[in-house]
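Please look through the structure shown here with its sequence at hand. The paragraphs that follow take up the surface around the RNA, then two helix pairs, and then some backbone details.

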Amino acid sequence: MTQTRTRFAPSPSGFLHLGNARTALFAFLFAKHTGGRFILRIEDTDLERIVAGSEVGILQDLKWLKLEWDEGPDRGGPLGPYRCSERMHIYEAQLKRIQKETRVYRCFCSPDQLDQDRKLLSSQKKVIKYVGRCLNLSEAQATEKAKTTPYVWRMHVPEGAPVAIEDIVRGHVEMQRDVLGDFVIFRSTGVPVFLFQNAIDDALQEMTHVIRGEDHLSNTFRQVLIYDALKLKVPTFSHLPMIGAEDGGKLSKRLGSLSIKELREEGFLPQGITNYLALLGWSPGDTAVTGEKFNLEELGKAFDLNRVHKGRALFDFQKLRFLNQQHLHDLNLDQLLELAPCKLLDWSAEWKSAIELVKHDAATVNDLYKVESFLNKPSFDQNEAAQKILKTDNARKALEMGISEFKTKVHQNPAVEISLKESIQSVGKAIGLKGKDLFFPFRVAITGVEAGPELIPLAKILGAPEVQSRLEKAFEYSKA
RNA sequence: GUCCCCGUCGUCUAGCCCGGUCCAGGACACCUCCCUUUCACGGAGGUAACCAGGGUUCGAAUCCCUGCGGGGACGCCA
């Protein structure tokens with residue numbers, strides 16, 4: 001059996017988004033699972049849509065996600081080039097070939113004309129397709145007209161049996177030929193359209209499996225016609241369900257922040273993202289037994305296209321965070337330090353201890369920045385919940401008493417963690433407070449917020465003078 | 001509008017192909033309790049779904065039909 005080959009073929013028109021990344025991931029996992037090769041091809045035929053720098057960005061993001069390719073524009077391979085703009089001569093040669101094999105003709109209809117045709121068809125409740133105006137021009141007529149008028153090449157779709165594919169995800173799908181219409185394969189600019197270019201490249205680069213989004217499904221039938229005309233081997237298709245936004249809308253348009261780049265900047269881990277993405281539209285089976293946490297290698301072992309869903313999935317940010325947290329917990333302090341952007345690099349021993357304190361409830365690397373807010377003096381102006389807590393009688397009393405207790409206790413025992421704890425305890429006994437009522441005033445006084453790291457160890461890091469100063473400041477605020 | 005596809009908790013899903021073991025299992029989120037004289041972490045529970053209606057069958061989430069709902073495509077975009 002020949003080795004499987006599959007590919008990810010983005011166009012360099014923007015950032016790598018979650019939807020694209022999921023497609024790339026599934027193709028990658030399929031290649032890993034079958035011991036095949038994963039190829040990267042940049043589809044940059046439409047010069048107008050190319051965004052400078054986006055190819056570099058996409059490559060970076062894929063590498064960061066650890067979706068490494070075996071062949072691609074940056075590393076070459078036996079069936080290159082891997083950038084479509086460098087393959088133009090191939091498409092031109094294939095256009096000449098297809099002219100001999102099947103009916104392909106020049107179409108001189110202007111975009112305005114075509115637009116009108118579509119509107120008319122739409123109002124007549126008919127299938128919207130090319131009306132065939134240029135189909136019956138003679139060779140002589142066409143040649144003459146071509147001297148003065150721009151034209152595209154269309155491939156004629158003759159009557160016949162429905163075009164069918166066996167899709168691994170969707171099963172047998174077929175389409176009547178009369179709804180297809182004669183379609184454009186070469187633009188008037190002399191550049192092939194996606195349909196043609198993509199089919200040619202997949203065949204010539206010997207892809208055994210084409211794994212892509214469901215939005216390509218209806219194009220597939222036209223591509224099959226191209227393969228048949230050129231007597232090229234039709235790859236096995238797998239059309240993945242789309243990913244929708246949390247509100248049910250479209251992903252890329254509504255949630256523009258969901259590029260891989262931005263998730264990285266928000267402190268998400270590649271293994272967290274790939275784990276989450278793999279579970280969007282695919283499941284390894286009984287997760288009650290296997291759990292849901294997988295690294296890339298485990299995903300590769302388990303992955304199976306036959307288990308991919310047909311229906312679309314909605315993106316869930318909470319679950320992404322959760323899974324990311326699971327992977328973050330696996331990292332030790334040094335690994336976190338490695339990941340942390342430069343502003344945290346100058347770690348003192350105190351900072352390291354502080355990081356340990358916040359690590360457990362951090363879901364992303366950036367959550368670790370909470371440390372900063374705890375190491376800086378709190379401000380109560382922004383936080384209503386904190387204000388509410390400090391403005392109670394109990395808080396006032398507890399803080400007043402706590403401060404004087406703390407002052408004397410610190411004299412007897414300079415270890416903050418002990419003196420503070422004992423102070424809070426005796427305040428609790430004296431006023432009759434316990435649990436939240438007792439601890440919240442002190443927590444808020446010291447950290448400024450209701451949720452945060454363990455109070456006593458944090459106090460140890462801050463030191464006695466700082467703790468006392470914060471308590472006093474909070475007490476002043478409480479009285480004011 | 002036309003064509004294609006899909007429809008299990010709010011969300012991701014297991015189960016569906018090979019009807020009974022499913023008054024439907026897991027996970028996120030939410031709620032409760034435990035742990036901790038605090039929040040979080042961790043642990044234990046709980047609320048919550050087979051789109052609707054017809055068939056077929058002793059029996060249907062599972063098979064068939066219709067309706068409804070959702071998505072995709074209909075470009076000289078990819």
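In this predicted model, the protein surface near RNA strand B is made up, by class, of 22 nonpolar, 17 polar and 24 charged residues. Of the 63 residues around the strand, those that come nearest are R187, G281, H309, D361 and G452. Looking at the same surface from the side of the RNA, 71% of the atoms of strand B that lie within 4 Å of the protein belong to sugar or phosphate, while the rest belong to bases.

Individual polar contacts show how sugar, phosphate and base each meet the protein. The side chain of R170 places an N or O atom 2.5 Å from a sugar or linking oxygen of RNA strand B. At F194 it is a backbone N or O atom that takes part, lying 2.9 Å from a phosphate oxygen of RNA strand B. A base is reached by N219, whose side chain has an N or O atom 2.6 Å from a base nitrogen of RNA strand B.

Which elements each supply at least two residues of the surface near RNA strand B? Among the helices that do so are α4 (111-123), α7 (217-230), α11 (287-290), α13 (317-328) and α20 (435-447), and the strands β4 (152-155), β6 (171-175) and β11 (313-314) also each supply at least two. The largest share, 5 residues, comes from α20.

Helix α20 also packs against another helix, and such a pair calls for a word on how packing is described. Two packed helices are described by the angle between their axes and the distance between the axes. Helix α18 (residues 393-412) and α20 pack at an angle of about 70°, with their axes 9 Å apart. An angle from 65 to 115 degrees counts as roughly perpendicular, and α18 and α20 are therefore roughly perpendicular to each other. Their crossing is right-handed. On the α18 side the contact involves A395, A398, L399 and G402, which meet P441, F442 and A445 of α20. The residues of this contact divide into 6 nonpolar, 1 polar and no charged.

A second pair is formed by helix α19 (residues 416-431) and helix α21 (residues 455-462), whose axes come within 8 Å and cross at roughly 130°. That angle makes α19 oblique to α21, and the crossing of these two helices is right-handed. Here V416, E417, L420 and K421 in α19 meet I456, A459 and K460 in α21, so that the contact of α19 with α21 has residues dividing into 4 nonpolar, no polar and 3 charged.

The remaining details concern the backbone. Most residues other than glycine have a negative phi, and most peptide bonds are trans. Where, against that background, is P81 found? This proline is in the loop between α2 (54-64) and α3 (88-101), and the peptide bond leading to P81 from G80 is cis, with omega near -5°. The loop between α2 and α3 also holds K66, which has a positive phi of about 70° although it is not a glycine. Another residue of this kind is K125, whose phi is positive at about 60° although K125 is not a glycine, and whose place is in the loop between α4 and α5 (139-146).

Conventions: Residues numbered from 1 in each chain as written. Chains lettered and ligands numbered in written order. Predicted model: local features only at pLDDT ≥ 70, side-chain atom pairs only at ≥ 80, totals over all residues. Heavy atoms only, no water. Near = heavy atom within 4 Å. Polar contact = N/O pair within 3.5 Å; in protein donor to acceptor, adjacent residues only side chain to side chain. Helix = DSSP H or I, 4+ residues; strand = E, 2+ residues; numbered from the N terminus. Nonpolar A, V, L, I, M, F, W, Y, C, P; charged D, E, K, R; others polar. Axes fitted to C-alpha atoms, helices over the stretch in contact; angles between N-to-C directions. Parallel < 35°, antiparallel > 145°, perpendicular 65-115°, else oblique. Left-handed = near helix turned anticlockwise from the far one by under 90°. Contact = heavy atoms within 4.5 Å.
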